[in-house]
Amino acid sequence: MSLALVGKKEAAVDQDQAREWLRYMTEERGVTKEEIARQIGVSRPLVSRFASGLDSEQVAAKLLELKAAVEAAEQAQASGEAAAAQEYRTTVDFMMTEDAKRVIGVCKACAKERAMGVILGAPGSGKTTALNEYLKQDPRAILITADVLMTSKQLVEEIAQAVGVELGGGLRDIMQRVVAALRAEPRLIIVDEADMLVSSSSRTVRKLEILRMLYDQGKTGVVVCGLPRLRAWLTRGPSLRENLAQLYSRVSFLRELQGVTKDEMQAILAQFNMTPAAREYLLARGAAREAGGMRRLTTILRRALDIADGGVINEAIVMAAEELTLK
């Protein structure tokens, strides 16, 4: 015996596997033995005898070859259908990031437990977007957006209008009516841009103390949302004369937003019909920086979608959208 032939004998064909596949195709898929015989180039009687237990490596090998071809074709078809069925986002709507979950979680907890919560985040980190998403879940909640010109009375009046009480009389009168309304029907009060309520000139914290009074007397949930500097004011006070110790001692939930992560950016960008180069450009250029990047990312995506006008977003489109954003 030649040593060159040692070990070269082909492995035996798995006839049981071939027979089982033949049974599956004929009994469960409804393919006739005649059709299978035609496909593998043998007679129908031979296929029937093989199915009944006749050993034939030749028939088994041909059946397994056909099995592999059928499965490859079906897999290719499934992949093609999946690709054709894939739907990309055509609008930039709310993105449920981990930061958004933190915002909504604090609001839900404070509404349920009538507690006080504080949310801190850099500009553009998605605080306001997440707050508006929460309002869809709890339309009875009150969202007030503060600004530097808002007076104490204006703050109370906006809350009063939201709870449906009269505005006549002085600040104390309105406060009493608001407190009564909140006691009768507790509603979560959310104040966005709350750091704006600290006077830039006198550094007085009176307007934030009004929120504490509403929380204490109205027995309702309150969430204040602002820039990270709000934490320092809550713990140390914006001046040596006043601090927010009474308010801070009542805070049950405090969350500081971490910013959108690279993994979250990748997951978001994968939902849009764009080339790999465009996606990598956004990631590499930091269109969604971890410190306050959601606003920038969504702005660029909206403009890129407009420029693409239903087509694929490529790197040139992203660059053009970014240039528009910078202006």
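How many nonpolar, polar and charged residues does the lining of the largest pocket have? The answer is given below, after an outline of the chain.

## Overview

This is a predicted model. The protein chain holds 15 helices and five strands. It has 327 residues, and buried residues make up 42% of them. Many contacts span long stretches of sequence: among contacts between residues at least 6 apart in sequence, 70% join residues at least 24 apart.

## The largest pocket

The largest pocket has a volume of about 440 Å³. Its lining consists of 26 residues, and those closest to the pocket centre are Gly126, Lys127, Thr128, Thr129 and Ala130. By class, the lining has ten nonpolar, eight polar and eight charged residues, which settles the opening question.

Three helices each supply at least two residues of this lining: α5 (98–113), α6 (127–137) and α14 (294–308). Of the elements, α6 gives the most, with seven residues.

## The second largest pocket

The second largest pocket contains about 210 Å³ of space. Its lining is made of Val156, Leu171, Arg172, Met175, Gln176, Val179, Arg206, Ile210, Met213 and Gln217. Two elements, α8 (171–184) and α9 (206–218), give two or more residues each to the lining of the second largest pocket. The largest share comes from α8, with five residues.

Sorted by class, the lining of the second largest pocket has six nonpolar, two polar and two charged residues.

## Helices α2 and α3

Helix α2 (residues 33–40) and helix α3 (residues 44–51) have axes that come within 8 Å and cross at roughly 110 degrees. The crossing angle therefore makes α2 roughly perpendicular to α3. On the α2 side the contact is made by Lys33, Glu34, Ala37 and Ile40, and on the α3 side by Arg44, Val47, Ser48 and Ala51. These contact residues divide into four nonpolar, one polar and three charged.

The loop between α2 and α3 includes serine 43. Serine 43 has a relative accessible area of 37%, so it is partly exposed. Its C-alpha atom is separated by 9.4 Å from that of lysine 33, which is ten residues apart from serine 43 along the chain. Lysine 33 is also one of the α2 residues in the contact with α3.

## Valine 191 in strand β3

Is valine 191 buried or exposed? Valine 191 counts as buried because its relative accessibility is 0%, where buried means under 20%. This residue is found in strand β3 (residues 189–192).

Leaving out residues up to four places away in sequence, valine 191 touches Ile144, Ala146, Leu197, Leu211, Val223, Val224 and Cys225. Valine 191 and glycine 226 are 35 residues apart along the chain, and their C-alpha atoms are separated by 8.5 Å.

## Tyrosine 215 in helix α9

Tyrosine 215 lies in helix α9, an element that also gives residues to the lining of the second largest pocket. With 16% relative accessibility, tyrosine 215 counts as buried.

Which residues is tyrosine 215 in contact with, leaving aside its neighbours within four places in sequence? They are Arg114, Ala115, Met116, Thr220, Val222 and Arg250. Tyrosine 215 is also 8.9 Å from isoleucine 189, C-alpha to C-alpha, although the two are 26 residues apart in sequence.

## Two residues with positive phi

Glutamate 193 is not a glycine, yet it has a positive phi of about 55 degrees. Glutamate 193 lies in the loop between β3 and α9. Its relative accessible area is 23%, so glutamate 193 is partly exposed.

Aspartate 309 is not a glycine either, and it has a positive phi of about 50 degrees. The loop between α14 and α15 (315–326) is the place of aspartate 309. Aspartate 309 counts as exposed because its relative accessibility is 66%, where exposed means over 50%.

Conventions
Residues numbered from 1 in each chain as written. Predicted model: local features only at pLDDT ≥ 70, side-chain atom pairs only at ≥ 80, totals over all residues. Heavy atoms only, no water. 1 Å grid on protein atoms, 1.4 Å probe; cavity = no way out; pocket = protein on both sides within 12 Å on 5 of 7 lines; lining within 4 Å. Points joined across faces, edges and corners; volume = space filled by probe spheres on them. Helix = DSSP H or I, 4+ residues; strand = E, 2+ residues; numbered from the N terminus. Nonpolar A, V, L, I, M, F, W, Y, C, P; charged D, E, K, R; others polar. Axes fitted to C-alpha atoms, helices over the stretch in contact; angles between N-to-C directions. Parallel < 35°, antiparallel > 145°, perpendicular 65-115°, else oblique. Contact = heavy atoms within 4.5 Å. Buried < 20%, exposed > 50% of the residue type's maximum accessible area, 1.4 Å probe, protein only.
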